[in-house]
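Colleague: I would like to learn to read the sheet and the helices in this model. Can we take one feature at a time?

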Amino acid sequence: MSAALESLLDLLDLERIEQDIFRGMSRSAVVPRVFGGQVAAQALVAAGRTVPSSAPGASGAPGAGQTPSAHSLHAYFLRPGDPGAPIVYTVDRIRDGRSFTTRRVVAVQHGKPIFHLSASFQVHEEGMDHQAPMPYAPDPETLPTAAEMLPRYADRFADPRMVDRLLEARAAVDLRYVDAPPFATAGEPREPRSQVWFRTHGKLADDPLLHVCMATYVSDMTLLDSVLLAHGRGGWAVGDVVGASLDHAMWFHRPFRADEWLLYDQESPSASGGRGLGQARIYTADGQLAITVIQEGVVRVPRD
């Protein structure tokens, strides 16, 4: 396991300061605020730690003796987070049912809410099963790593430290672009689609919640890339757009491991009113649809 992944796992290992109150710290990000994926992942950790290890119900009833797993989350980013201050996560136990468990989490800094998340957990059930087919993507092992790819585009960034900052921000995750990222083709509008493969830099424990939280963390890294591609913009690191995540939703369909290759297939169906929408599907390497993701963000062209 890489040192960066160990550091990220420590970040997700929240301190419990009361029964349903947790405290987390932050790490440096490319932008001067807390990375949205970190807040979402920490909030999901807080929610998951209040879910009973065995769902209630009489013997033989649906859910009896089973551990609920996260199946969806819906979140809003309310204020920029201060990376220099701790974040307090307060969990509301909305419902503990036989099949479904619901939690609401509010993240607070400096006395104000910065993030709100609702998450639902479900015990395993058998049922109907179908999925959208996995699109074609090349073998991730044939694609350049971030350390191999990013230095090629150092001249695209106004800040000479940007390559190092990007590498540091993504050091816990092996993230590989299938096609050129937005900053590589700034000024050239392209089809609003983007693919990346990702996995953690090291093995994770066999804890389903940990894998779900890690995927949540990564899901905020590239989802709005497809919005930028449609308009030939290079992104936040280049400085030709400004913006931030507004809301984020995820549905977890099938089991997966975040320490094994996952294909993040992303597209943007719309951008208007200073906002851009990204939607995506995350597949396991053997073609199982694991996660659906939708995010809207502020995407604005800087004024002169």
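Modeller: Start with the sheet, and remember that this is a predicted model. Here 12 strands form an open sheet with antiparallel pairing. The order is β1-β2-β4-β5-β6-β3-β9-β12-β11-β10-β8-β7.

Colleague: Which are the edge strands?

Modeller: Look for strands that pair on one side only. Here they are β1 (15–18) and β7 (173–177). From one strand to the next, the twist averages 25°.

Colleague: How many bridges join β3 to β9?

Modeller: Five bridges link β3 (residues 69–77) with β9 (residues 242–252), and the two strands run antiparallel. For a register mark, take His-74, which stands opposite Ala-249 in β9.

Colleague: Which strands does α2 touch?

Modeller: Helix α2 packs on the sheet against β2 (21–24), β3, β4 (87–96), β5 (100–109) and β6 (112–122). Its direction makes about 55° with that of β6. Helix α5 also packs on the sheet, with β3, β6 and β9 among the strands it touches. The α5 direction makes about 145° with that of β9.

Colleague: At what angle do α2 and α5 pack?

Modeller: Compare the two axes. Helix α2 (residues 36–48) and helix α5 (residues 208–222) pack at about 160°, with axes 7 Å apart. Angles over 145 degrees count as roughly antiparallel, so α2 is roughly antiparallel to α5. Their crossing is right-handed.

Colleague: Which residues of α2 and α5 meet?

Modeller: From α2, they include Ala-40, Ala-41, Leu-44 and Val-45. From α5, they include Leu-209, Val-212, Cys-213 and Tyr-217. The residues of this contact divide into eight nonpolar, five polar and one charged.

Note on methods
Residues are numbered from 1 along each chain as its sequence is written. This is a predicted model: local features need pLDDT of at least 70, side-chain atom pairs count only at pLDDT 80 or more; totals for chains, interfaces and linings use all residues. Side-chain values use heavy atoms; hydrogens and water are left out. Axes are lines fitted to C-alpha atoms, for helices over the stretch in contact, and angles run from 0 to 180 degrees between N-to-C directions. Helices (H or I, at least four residues) and strands (E, at least two) are DSSP runs, numbered from the N terminus. Angles under 35 degrees count as roughly parallel, over 145 as roughly antiparallel, 65 to 115 as roughly perpendicular and the rest as oblique. A crossing is left-handed if the near helix is turned anticlockwise from the far one by less than a right angle, and right-handed if clockwise. Contact means heavy atoms within 4.5 Å. Ala, Val, Leu, Ile, Met, Phe, Trp, Tyr, Cys and Pro count as nonpolar, Asp, Glu, Lys and Arg as charged, and the others, Gly among them, as polar. Two strands pair if DSSP finds at least two bridges between them.
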